[in-house]
Amino acid sequence: MSLPRPSAPLVLGVESSCDETGLALYRHGQGLLAEALHSQIRLHQAYGGVVPELASRDHVRHIGPLLRDVLAQADVHLADVDAIAYTAGPGLAGALLVGAGFACGLAAALGIPAVPVHHLEGHLLSPLLADPAPAFPFVALLVSGGHTQLMHVRGVGDHTLLGESVDDAAGEAFDKTAKLLGLPYPGGPTLARLADAGDASAYAGLPRPMLTSPDLDFSFSGLKTAVATATRTPGFDASRHADLAAGFQAAVVDVLVAKAMAAITRTGATRLVIAGGVGANAALRARMGDAARAAGIALFYPPLRWCTDNGAMIALAGAMRLARGAPADTDGAFGVRPRWPLDAAA
Ligand code: KG4
Ligand code: ZN
């Protein structure tokens with residue numbers, strides 16, 4: 001008589017690196033069992049950006065109720081959880097500490113491992129939550145509020161940085177440009193909506209920084225400055241906002257598409273994954289789709305709700321780390337790394 005095969009561990013994921021508290025339950029073989037998210041957008045809106053101390057306090061308020069929520073959704077008890085994965089960095093120090101303290105305290109109390117996860121690895125692996133999921137290896141374009149990076153991903157914890165922004169991240173450029181046009185926080189999605197109503201050709205002259213540079217790096221601060229200059233030209237008024245937003249978005253998309261395709265050529269990869277908040281941008285999706293079809297490569301996105309910060313990607317990344325025997329914390333001690341290069345997270 002053969003013994004029943006032990007099932008894969010049930011992993012609780014905890015994300016609290018910035019302005020979203022996200023929890024989720026994931027098990028290899030079964031996939032995502034539950035997820036819950038609290039967005040702090042309304043809390044920070046009055047300030048025009050994320051206020052770190054308010055973010056930390058709000059994570060404290062919501063993390064417990066969100067845990068109860070995912071346990072109820074999956075119809076499991078806390079005692080059924082086998083490991084807790086948490087975002088250990090990069091991000092806001094206070095916000096990270098809330099999630100790390102919660103995850104590691106709970107893990108110590110339950111006598112189960114706590115698995116520190118790199119936030120960007122979560123984004124990088126989030127397309128694996130989708131069906132169909134990309135097989136390794138692939139090129140990943142990570143476009144979030146804090147990072148713009150091209151990575152060659154051969155497996156979990158096995159990636160090479162191909163290029164990155166030398167100044168502003170793409171999401172940051174969206175947010176700052178939105179602020180210039182008087183749009184409320186968070187600016188990226190609002191600017192994108194405004195751009196959809198505009199005519200990009202009215203601002204076709206906006207720069208495409210580093211478009212043809214031989215490396216795979218990006219630069220967006222010059223574009224942001226060009227937008228600021230455009231708003232100061234005589235006669236510029238609100239009637240031109242949509243056109244300028246469209247022109248800005250077209251310039252960012254041109255650069256992201258060109259560099260992603262150059263990374264495909266350089267690595268010989270046949271799969272491209274777009275991850276991070278800017279991956280929700282419809283214009284980027286449309287243009288990247290055309291380029292991928294022309295190049296004959298497969299293009300993967302996480303579904304929209306997993307493009308921005310969430311607990312599901314952290315639970316998944318933690319489960320994958322556990323599966324390959326990566327070290328976990330079992331002594332209740334923990335630390336966070338507000339600045340943490342992804343290549344140092346092997
Ligand atoms: O990945 P994410 O949720 O958080 C970070 O880890 O940074 O990304 C947030 C970024 C913000 O800069 C936001 O403005 C941008 O993603 N974003 C967008 C869109 N949705 C979110 N940018 C352009 N178009 C969108 N539709
Ligand atoms: Zn993120």
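This is a short talk about the fold, the cysteines and a few single residues of one predicted protein model.

First, the ground rules. Residues are numbered from 1 along each chain as its sequence is written, and chains are lettered from A and ligands numbered from 1 in the order in which they are written. Because the model is predicted, local features need pLDDT of at least 70 and side-chain atom pairs count only at pLDDT 80 or more, while totals for chains, interfaces and linings use all residues; side-chain values use heavy atoms, with hydrogens and water left out.

Let me start with the whole protein. It has 10 helices and 10 strands. These elements are DSSP runs, numbered from the N terminus: helices are H or I with at least four residues, and strands are E with at least two. Along its principal axes, the C-alpha trace spans about 75 × 45 × 30 Å. What radius of gyration does the protein have? The value is 21 Å, which agrees with the figure near 20 Å for a compact globule of 346 residues. The radius is taken over C-alpha atoms, and the globule rule is 2.2 Å times the number of residues to the power 0.38.

Next, burial. Of the 346 residues, 51% count as buried. Buried means under 20% relative accessible area, exposed means over 50%, and partly exposed is in between, with a 1.4 Å probe and protein chains only. The accessible surface comes to about 14300 Å², and 56% of that belongs to carbon and sulfur atoms. Those areas come from the Shrake-Rupley method with a 1.4 Å probe, and for residues only the protein chains shown count as cover.

Contacts come next, where contact means heavy atoms within 4.5 Å. Take the contacts with a separation of 6 or more: residues 24 or more positions apart account for 72% of them.

On charge, there are 25 positive and 30 negative side chains, and the centres of the two sets lie 2 Å apart. Lys and Arg count as positive, Asp and Glu as negative, and His and the chain ends are not counted. Each charge is placed at NZ of Lys, CZ of Arg, CG of Asp or CD of Glu.

Now the cysteines. How many disulfides does a search of the whole structure find? The search finds 0, a disulfide being a pair of cysteine sulfur atoms within 2.5 Å. For C18, the closest cysteine sulfur is in C307, 16 Å away, so the distance is too far for a bond. C104 is in no disulfide either, and its nearest cysteine sulfur, that of C18, is 20 Å away. C18 is partly exposed, with a relative accessible area of 24%, whereas C104 counts as buried at 2%.

On to the backbone. Most residues other than glycine have a negative phi, and most peptide bonds are trans. Here are some departures from that. The peptide bond from D131 to P132 is cis, with omega near 5°. Another cis bond joins F136 and P137, with omega about -5°. P132 sits in the loop between α4 (119-125) and β6 (138-143), and P137 is in the loop between α4 and β6 as well.

Two residues that are not glycine have a positive phi. D75 has a phi of about 55°, and M210 has one of about 60°. D75 lies in the loop between α2 (52-74) and β4 (83-89) and counts as exposed at 70% relative accessibility. M210 lies in the loop between α6 (187-196) and α7 (221-231) and is partly exposed at 26%.

I will finish with three single residues. Is H59 buried or exposed? At 0% relative accessibility, H59 counts as buried. H59 is in helix α2, and leaving aside neighbours within four places in sequence, its contacts include C18, the cysteine mentioned earlier. The C-alpha atoms of H59 and L97, 38 residues apart along the chain, are separated by 9.8 Å.

D167 is in the loop between β8 (158-164) and α5 (170-180), partly exposed at 29%. Beyond its neighbours within four places in sequence, D167 is in contact with F218, S219, F220 and S221. D167 and G222 are 55 residues apart in sequence and 9.3 Å apart in space, C-alpha to C-alpha.

Last is V76, in the loop between α2 and β4. V76 counts as buried at 18%. Setting aside neighbours within four places in sequence, V76 is in contact with L10, L25 and L71. From V76 to L180, 104 residues along the chain, the C-alpha atoms are separated by 47 Å.
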